[in-house]
Amino acid sequence: MKIMLKDGSIKEVEQGISVIDLAKQISEGLARVATCARVDGKVVDLRTVLSKDCSLEILTFDSDLDGKKAYWHTTSHIMAQAVKRLFPNAKLAIGPSIDDGFYYDFDVEENFTEEDKAKIEEEMKKIIKEDLPIEKFVLPKKEALELMKGEPYKVELINELKDRRRDIFL
């Protein structure tokens with residue numbers, strides 16, 4: 001396949017290479033700081049497999065807002081994981097990236113204190129050091145509901161998707 005890079009150069013690669021593997025071929029340093037990519041103008045995650053000739057721009061936190069939003073999206077998942085480790089009874093709501101960062105809504109019995117927030121931040125650092133694999137998967141609605149059965153707000157969100165999509169991306 002022929003991949004046109006941001007600088008206009010063409011890189012020939014085997015069909016089926018992932019964006020992150022192509023980034024590694026270009027530069028290990030680029031791969032370390034990559035947050036997402038644009039393939040033919042569409043923002044995709046780094047695990048996206050390239051299957052045809054295309055244009056590719058590998059984004060970083062410093063490259064533009066889409067690069068930042070991908071980073072913040074992942075960070076929101078890390079924060080949710082940290083909160084669930086420290087406060088197992090916390091209920092997860094939503095945690096989107098926004099133009100200047102991210103947030104996550106949690107349903108907890110008592111508001112987080114400054115001490116709690118510091119503990120959450122420390123737990124997030126531990127999770128990052130664990131270097132856990134990040135996996136994207138799609139589930140049929142029934143399986144998504146089963147996976148999220150202890151999370152009422154997630155169940156509500158999944159049920160709201162019923163008319164728009166049969167499979168759920170988690």
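## Salt bridge between Glu146 and Lys149

Glu146 and Lys149 form a salt bridge, with 2.9 Å between their closest N and O atoms. The term stands for a side-chain nitrogen of Lys or Arg within 4 Å of a carboxyl oxygen of Asp or Glu. Glu146 is partly exposed at a relative accessible area of 48%, while Lys149 is exposed at 61%. Here buried means under 20% relative accessible area, exposed means over 50%, and partly exposed lies in between, with a 1.4 Å probe and protein chains only.

## Basis of the values

This is a predicted model, in which local features need pLDDT of at least 70 and side-chain atom pairs count only at pLDDT 80 or more, whereas totals for chains, interfaces and linings use all residues. Residues are numbered from 1 along each chain as its sequence is written, and side-chain values use heavy atoms, leaving out hydrogens and water.

## Salt bridges in helix α4

Helix α4 covers residues 114-130. Helices (H or I, at least four residues) and strands (E, at least two) are DSSP runs, numbered from the N terminus. Within α4, Lys117 forms a salt bridge with Glu114, and their closest N and O atoms are 3.3 Å apart. Three residues, about one turn of the helix, separate the two in the sequence. Glu114 is exposed, with a relative accessible area of 60%, and Lys117 is partly exposed, with 43%.

Another salt bridge in this helix links Glu123 to Lys126, with the closest N and O atoms 3.9 Å apart. This pair also lies three residues apart, about one turn of the helix. Glu123 counts as buried, at 11% relative accessibility.

## Total

The salt-bridge count for the model is 18.

## Strand β5 and its partners

Strand β5 spans residues 54-60, and six of its seven residues are buried, so the strand is largely enclosed by the rest of the structure. Two strands pair if DSSP finds at least two bridges between them. Strand β1 (residues 2-5) runs parallel to β5 and is joined to it by three bridges. In this pairing, Ile3 has Cys54 of β5 as its bridge partner.

Strand β3 (residues 34-39) also pairs with β5, but the two run antiparallel, with five bridges between them. Ala34 has Thr60 of β5 as its bridge partner. In a regular strand, side chains alternate between the two faces of the sheet.
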